[in-house]
Amino acid sequence: LVQSLHEVGPANFLKAMKGLFSINDRTGETNWQFAMSTSEELQRRHQNYVETLGGATDLLQPKSGFASLRNTVQRFSATPVAISDLLSAVPTWLAQYEKTLSEGATHGDSVYMADRAVRRAHGSVAITNRSTVMRGGALSQWFASVYGFFNHIMNRQYELLWKSGEALDLAK
């Protein structure tokens, strides 16, 4: 949430949140569906469970016993994280889309910039944004299932430190 507020600005983010949750149900649903159907970055977030937490092996496991319990616990554990991610990623996307569109950009450029804002604020689950260890087999993916998030946050902190150093040099 903090990364989203920083990326698109608090006013733009809150305006997008208002368009999703406080005008009326129909407007909110229309805005949500527009973002989810237009943005490849948001659509890709739904596939993250299958690609990182072992969802791809669900078909191979028995439907009863320990494996079933394990899958149920895994889904219940991942769902709150996924929901909280989307509750800040979708307004981030909508805020940047509206901002870029209002500046005179085309629909395609606005979609690109909105997807970029989501990637910068939340990281990306695209295979091209994953390190080698995350693209490996099931065992390495299990060990590195949260690596992408923490690596993204570390890179953003490094970027902040770098920009602070540049600002300090300008102040001198």
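**An aromatic cluster around Tyr-97**

Ring pairs join Phe-34, Trp-93 and Tyr-97 into a cluster. The model that shows this cluster is a predicted one. The protein holds 10 helices and zero strands. Read along the sequence, its pattern is α-α-α-α-α-α-α-α-α-α. Of the 172 residues, 33% count as buried. Contacts between residues 24 or more positions apart make up 68% of those with a separation of 6 or more.

Three aromatic pairs are counted in total. Phe-34 and Tyr-97 form an edge-to-face pair. Their ring centres are 5.3 Å apart, and the planes meet at 65°. This pair links distant parts of the chain. Phe-34 sits in helix 3 (residues 25-38), whereas Tyr-97 sits in helix 6, and 63 residues separate them. Phe-34 is partly exposed because its relative accessible area, 29%, falls between the 20% and 50% cut-offs.

Trp-93 and Tyr-97 form a stacked pair. Here the centre-to-centre distance is 5.2 Å, with 10° between the planes. Both residues belong to helix 6. They are four residues apart, so about one helical turn separates them. Trp-93 is buried, with a relative accessible area of 0%.

Tyr-97 takes part in both of these pairs, with Phe-34 and with Trp-93. Its helix, helix 6, spans residues 66-102. Tyr-97 counts as buried because its relative accessible area of 6% is under the 20% cut-off. Beyond neighbours within four places in sequence, Tyr-97 contacts Phe-34, His-107, Ser-110, Val-111 and Ala-114. The contact with His-107 includes a polar one: 2.8 Å joins the two side chains. Tyr-112 lies 15 residues from Tyr-97 in sequence. The C-alpha atoms of Tyr-97 and Tyr-112 are 8.4 Å apart in space.

Phe-34 also has a place in the lining of the second largest pocket. The volume of this pocket is about 280 Å³. Three elements each give two or more residues to its lining: helix 2 (10-21), helix 3 and helix 6. Besides Phe-34, the lining residues are Asn-12, Lys-15, Ala-16, Gly-19, Leu-20, Asn-31, Leu-94, Ala-95, Glu-98, Lys-99 and Ser-102. By class, the lining has five nonpolar, four polar and three charged residues. Phe-34 is thus a member of the ring cluster and a lining residue of the pocket.

Helix 6 also carries Asp-85. Asp-85 counts as buried because its relative accessibility of 19% is under the 20% cut-off. Leaving aside neighbours within four places in sequence, Asp-85 is in contact with Arg-45 and His-122. A polar contact of 3.0 Å joins the side chains of Asp-85 and His-122. Helix 6 therefore holds two buried residues with a side-chain polar contact to a histidine: Tyr-97, buried at 6%, is joined to His-107, and Asp-85, buried at 19%, is joined to His-122.

Notes:
Residues are numbered from 1 along each chain as its sequence is written. This is a predicted model: local features need pLDDT of at least 70, side-chain atom pairs count only at pLDDT 80 or more; totals for chains, interfaces and linings use all residues. Side-chain values use heavy atoms; hydrogens and water are left out. Buried means under 20% relative accessible area, exposed over 50%, partly exposed in between (1.4 Å probe, protein chains only). Contact means heavy atoms within 4.5 Å. A polar contact is a pair of N or O atoms within 3.5 Å; within protein, one must be able to donate a hydrogen and the other to accept it, and residues adjacent in sequence count only if both atoms are side-chain atoms. Rings of Phe, Tyr and Trp (its six-membered ring) pair if their centres lie within 6.5 Å; planes under 30 degrees apart count as stacked, over 60 as edge-to-face and the rest as tilted. On a 1 Å grid over the protein atoms alone, a cavity is a set of points where a 1.4 Å probe fits but cannot get out, and a pocket is an open set with protein on both sides within 12 Å along at least five of seven lines; lining residues have an atom within 4 Å of a point. Grid points are joined across faces, edges and corners, and a volume is the space filled by probe spheres set on the points. Ala, Val, Leu, Ile, Met, Phe, Trp, Tyr, Cys and Pro count as nonpolar, Asp, Glu, Lys and Arg as charged, and the others, Gly among them, as polar.
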